[in-house]
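Biologist: Could you look closely at one part of this model, beginning with its outward side, and then follow what surrounds it into the rest of the fold and its empty spaces?

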Amino acid sequence: MAGLASVTMLGGVVAYAQSEPDSIFVGNLVDYTGPTAFVSKFYGPGIKDAVEYINRNGGIDGTTIELEQIDYAYKVPQAIATYKRWTSNGKMVGLQGWGTGDTEALISFVAKDKIPTWSASYSGHLTDPTGINPKTTKPAPYNFFYGPSYSDACRAMVQWAKTDAEEKGLDNPKFVHLGDNHPYPNAPKEACAEYATELGLEVLNPIVVPMAPGDFKAQCLTIKDSGANYAFVANLGGSVVSLLKSCKTVGADVTYMANIWGGDYLTIEASGAVDYIFPTASPFWEADAPGMDLVRKMYEEGTSDKSQKPTHHYIRGVCSAFYMKEAMEWAKANGGLTGENIRNGMYAKTDWVPAGLEGVCEPSTWTEKDHRGTTTVSVNKGSLIDGKVQIEKISTVELPRRDDWIGY
């Protein structure tokens, strides 16, 4: 609740200035029971543990974050209904979102309500705040995310593939997109195909692979018959595990490259993958980065389930929460904790790393015209060898900030 901060006399009338509220409300959408639970069960706890840590250590300069976490099971109508409930009393000042379908469906809502949103969807469509790109259907002035966009991560994959093909002496490398006909796997498809063509790769017709696990031998035989050399895996979790196993069975021997949610130690372990290429925007759990001590402290002190070692998705959740925290701190010092001020706080720093998370969160810069926080992509190779997952960083791709890539 707000208190009375000061009393002044205005023409003989007593005027009371309101202080900042004791707490602010932030909604947090997660999927713990739907098709993306494989990764959400790590990212969501990263948000939760980070907010709990922030509150234990002074909150937002004395203001507590009230976080309500709702499992919407990856159902867009449920996410929209939950958002409307959260905003009905006018108290919500921020949203930690999840999926691409629901985040994109809420673009106009959060813009109208001035609710800054940090999503776990990294759709390139969310990076155009002004509608400058003719391909942008909905300007997204209140949408942010930590890490490279899905489009940029895929561009980094094909840029790496181009170099790999040259090293292997492949004259006409072929590229194919694998994924469900759904907003999440579709988000980078067109943009990535255009860049692959620009780099000289032959782009084959996309192959539809359902998000749910299954027997994908038919798709794998299509991959094999197509002559593809590089396949971008746009799904995640059980679907990817099923795909990699099925393709191994039929001998679809191509280089598989994943999006940022499709690569982690659990996917490699469950699928038995070898030379599986995937992007990251954070270190792994065992890394000796300066800020990892703070991440592990949050995890140890937090109330999240500790039955399984966190994946790097947990770490990106922590980064998302801490960018929100520091934007809120700026807002509190510059006009108050309103959604609009918090949004402006996201523009206050350049090459921004939250305090204490050095070496964990990539230096990021958001501006009023460009919501691509970073275009740096770490490229990794993972394999299951003798029953142990081995992951090594093999490249860092620094993508250009091309204007025609904003919002795309």
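**From helix 11 inward**

Modeller: On the face of helix 11 turned away from its buried side sit the exposed residues D293 and E300, where exposed means over 50% relative accessible area, buried under 20% and partly exposed in between, with a 1.4 Å probe and protein chains only. Helices (H or I, at least four residues) and strands (E, at least two) are DSSP runs, numbered from the N terminus. This is a predicted model, in which local features need pLDDT of at least 70 and side-chain atom pairs count only at pLDDT 80 or more, while totals for chains, interfaces and linings use all residues. Residues are numbered from 1 along each chain as its sequence is written, and side-chain values use heavy atoms, with hydrogens and water left out.

Helix 11 spans residues 292-301, and its buried residues are M292, L294, V295, M298 and Y299. They lie on the same side of helix 11 because they cover an arc of only 160° around the axis, the arc being that of the directions from the helix axis to the C-beta atoms. Among the elements that cover these buried residues are helix 1 (37-56) and helix 12 (312-333), with contact taken as heavy atoms within 4.5 Å.

Helix 8 (residues 217-226) can be read in a similar way. Its buried residues include Q219, C220 and I223. Seen down the axis of helix 8, the buried residues fall within an arc of 100°, so they line one face of the helix. The face of helix 8 turned away from its buried side carries the exposed A218 and D225, and the helix is followed by G227, whose phi is positive, near 80°. The cover over the buried residues of helix 8 includes strand 8, strand 10 (207-208), helix 9 and strand 12.

Strand 11 (residues 230-233) pairs with two of those strands; a pair requires that DSSP find at least two bridges between the strands. Strand 8 (residues 174-179) runs parallel to strand 11 and is joined to it by four bridges, with F175 opposite Y230. Strand 12 also pairs with strand 11 in the parallel sense over four bridges, and there Y230 stands opposite T255. Y230 and F232 point one way from strand 11, A231 and V233 point the other way, and all are buried.

Strand 12 (255-258) and helix 9 (237-250) lead to the largest pocket, since each supplies at least two residues of its lining, as do helix 5 (150-168) and strand 13 (276-280). This pocket has a volume of about 460 Å³. Its lining has 21 residues, of which D253, V254, Y256, V274 and D275 lie nearest the centre. On a 1 Å grid over the protein atoms alone, a pocket is an open set of points with protein on both sides within 12 Å along at least five of seven lines, a cavity is a set where a 1.4 Å probe fits but cannot get out, and lining residues have an atom within 4 Å of a point. Points are joined across faces, edges and corners, and a volume is the space filled by probe spheres set on them.

By this rule there are two cavities of 30 Å³ or more. The largest cavity has a volume of about 70 Å³, and its lining includes W98, Y150, Y184 and W261.
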